[in-house]
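Reader: I'd love a close look at one part of this structure, taken slowly and with the side chains in view. Could you pick a good starting point and walk me outward from there?

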Amino acid sequence: MLDPLVQRLLEHAIDTPVKLHLLLLFHENPRLEASSFVIANRVCRDIWSVEQALHELAEDGVLCNRAAGSGDKLYNYAPRDELIDSIQRLICGYDDPLERDTLQRSIRELASYAPYRRSSAWERQIA
């Protein structure tokens, strides 16, 4: 059984494996500030899913983005105050192998619905 705060975080912000991977990366490297291309290379994932996940994490208040001189966006870890406790609980739970399995299973289930929940916001951003 997941902590209710963690479950709410998963449902509203960390609803795909890519987002979990990015959250773990930024949490472990809180001073990291990089473009989506650099981050995609670092996590060995495709640029499209990473760009979408970064945009959504920034939209949900987990990351912050700013325009760089080259026109790219740079992302850094800056969770909103109300998310800090739930992120800490998620990270602590992720350290426990049994809870990690539950977290990953829950995220995989949420990922199957994520495109439908977010499609309009992502399509507006692209257009």
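Author: Happy to. Let's start in helix α6, which spans residues 97-111 and holds both aspartate 101 and arginine 105, four residues apart, or about one turn of the helix. Please keep in mind that this is a predicted model. The two side chains meet in a salt bridge, with N and O 2.7 Å apart. Side chains of opposite charge can pair when their charged atoms come close. How buried or exposed are the two partners? Aspartate 101 has a relative accessibility of 36%, so it counts as partly exposed. Arginine 105, at 38%, is partly exposed too, because its value falls between the 20% and 50% limits.

That pair is a good way in to the other charged contacts. A search of the whole structure turns up seven salt bridges. One of them joins arginine 89 to aspartate 3, and their closest N and O atoms are 2.7 Å apart. Here the partners come from distant parts of the chain: arginine 89 sits in helix α5 (residues 81-94), aspartate 3 lies in the segment before α1 (4-12), and 86 residues separate them. Arginine 89 has a relative accessibility of 36% and therefore counts as partly exposed. Aspartate 3, with a relative accessible area of 21%, is partly exposed as well, because the buried class requires a value under 20%.

Arginine 89 has another partner. It also forms a salt bridge with aspartate 85, where the closest N and O atoms are 3.3 Å apart. Both of these residues belong to helix α5 and are four residues apart, about one turn of the helix. Aspartate 85 is at 40% relative accessibility, so it is counted as partly exposed. Put together, Asp3, Asp85 and Arg89 are linked in a network of salt bridges.

Now let's see how α5 sits against its neighbours. What angle do α5 and α6 make where they pack? Their axes come within 7 Å and cross at roughly 120 degrees. The two helices are therefore oblique to each other, since the roughly perpendicular class runs from 65 to 115 degrees. On the α5 side the contact is made by Leu90, Gly93 and Tyr94, and on the α6 side by Glu99, Arg100, Leu103 and Gln104. By class, the residues of this contact divide into three nonpolar, two polar and two charged.

The packing of α5 with α1 comes next. The axes of α1 and α5 are 9 Å apart, at an angle of about 100 degrees. These helices are therefore roughly perpendicular to each other. Leu5, Val6, Leu9 and Leu10 of α1 make the contact with Leu83, Asp85, Ser86, Ile87, Arg89 and Leu90 of α5. This contact has seven nonpolar residues, one polar and two charged. Asp85 and Arg89, named in this contact, are also members of the salt-bridge network.

Leu90 takes part in the contact of α5 with α6 and in that of α1 with α5. What else does leucine 90 touch? Leaving aside neighbours within four places in sequence, leucine 90 is in contact with Val6, Leu9, Leu10, Leu20, Leu23 and Leu103. It also belongs to the largest nonpolar core, a set of 35 residues in which Leu10, Ile14, Ile39, Val62, Leu63 and Leu90 touch the most other members. The elements that give two or more residues to this core are α1, α2 (17-28), α3 (36-43), α4 (47-59), β3 (73-77), α5 and α6. Helix α2 gives the most, with seven residues.

Let's finish inside α2, with phenylalanine 26. At 0% relative accessibility, this residue counts as buried. Not counting residues up to four places away in sequence, phenylalanine 26 touches Leu32, Ile39, Leu54, Leu63, Tyr75, Asn76 and Tyr77. Among these, Ile39 and Leu63 are two of the core members with the most contacts to other members. To place the residue relative to our starting helix, phenylalanine 26 and proline 97 are 71 residues apart in sequence and 21 Å apart in space, C-alpha to C-alpha.

Key: Residues numbered from 1 in each chain as written. Predicted model: local features only at pLDDT ≥ 70, side-chain atom pairs only at ≥ 80, totals over all residues. Heavy atoms only, no water. Salt bridge = Lys/Arg side-chain N within 4 Å of Asp/Glu carboxyl O. Buried < 20%, exposed > 50% of the residue type's maximum accessible area, 1.4 Å probe, protein only. Core = buried A, V, L, I, M, F, W, Y, C linked by side-chain atoms within 4.5 Å. Contact = heavy atoms within 4.5 Å. Axes fitted to C-alpha atoms, helices over the stretch in contact; angles between N-to-C directions. Parallel < 35°, antiparallel > 145°, perpendicular 65-115°, else oblique. Nonpolar A, V, L, I, M, F, W, Y, C, P; charged D, E, K, R; others polar.
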